[in-house]
Amino acid sequence: MLTPDTYARLLYRYGFSDPKVRLIVYPHVLASREDVVEWVKGTMLTEYKRQLPGDLYERFVHEYRRRLLAQLDEARPFFYPFTRILCWGQRSA
């Protein structure tokens, strides 16, 4: 993921004279850090599930869980700040 200002520069470079870029954090309060994996399975990992064979997808999720949980604190409830960068612009005809 790039920084918002980098996305704005790229849009401008490719012909968008008035690019708009926003960083938005959607707060999610989950019961525990383990619930982050379940939340992500319903959003960002859906494409992985479509593309990978079942056994490979399950191994991927297992490794993803292992790596992610090692980086998250054990707070309960768990605050998950889901971040999105939204970009838009319009080119002159």
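Does Arg33 count as buried or exposed, and at what relative accessibility?

1. In this predicted model, Arg33 counts as buried, because its relative accessibility is 16% and the cut-off for buried is under 20%. Its salt-bridge partner is Glu74, with the closest N and O atoms 3.8 Å apart. Glu74 lies in the loop between α4 and β2, whereas Arg33 lies in the loop between β1 (20-30) and α2, so the pair ties together parts that are 41 residues apart in sequence. Unlike Arg33, which is buried, Glu74 is exposed, with a relative accessible area of 63%.

2. A second salt bridge joins the side chains of Glu34 and Arg76, at 3.7 Å from N to O. This pair, too, links distant parts of the chain, since Glu34 belongs to helix α2 and Arg76 to the loop between α4 and β2, 42 residues apart. Glu34 is partly exposed at 31% relative accessibility, while Arg76 counts as exposed at 61%. Taken together, Arg33, Glu34, Glu74 and Arg76 are linked in a network of salt bridges.

3. The structure holds 11 salt bridges, and one of them sits within a helix: Glu38 pairs with Lys41, the closest N and O atoms being 3.6 Å apart. These two residues are three apart in helix α2, which means that about one helical turn separates them. Both ends of this pair are partly exposed, Glu38 at 42% relative accessibility and Lys41 with a relative accessible area of 26%.

4. Turning to the interior, the largest nonpolar core has 12 residues, namely Leu30, Val36, Val37, Val40, Leu45, Tyr57, Val61, Leu68, Leu69, Phe78, Tyr80 and Phe82. Two or more residues are given to this core by each of α2 (34-41), α4 (54-69) and β2 (78-88), and the largest share, four residues, comes from α4.

5. Phe82, a member of that core, deserves a separate look. Leaving aside residues up to four places away in sequence, Phe82 touches Ile24, Val25, Tyr26, His28, Trp39 and Met44.

6. One of those contacts of Phe82, Tyr26, also appears on the surface, where Tyr26, Leu86 and Trp88 form a nonpolar patch with about 280 Å² of accessible area together. Leu86 is placed in strand β2, and with 33% relative accessibility it counts as partly exposed. Strand β2 is therefore represented in two settings, since it gives two or more residues to the nonpolar core and also holds Leu86, a member of the surface patch.

How values were computed. Residues numbered from 1 in each chain as written. Predicted model: local features only at pLDDT ≥ 70, side-chain atom pairs only at ≥ 80, totals over all residues. Heavy atoms only, no water. Core = buried A, V, L, I, M, F, W, Y, C linked by side-chain atoms within 4.5 Å. Buried < 20%, exposed > 50% of the residue type's maximum accessible area, 1.4 Å probe, protein only. Contact = heavy atoms within 4.5 Å. Patch = residues over 30% accessible without salt bridge, like charges linked within 9 Å, V, L, I, M, F, W, Y side chains within 5 Å. Areas by Shrake-Rupley, 256 points an atom, 1.4 Å probe, with all protein chains shown as cover. Salt bridge = Lys/Arg side-chain N within 4 Å of Asp/Glu carboxyl O.
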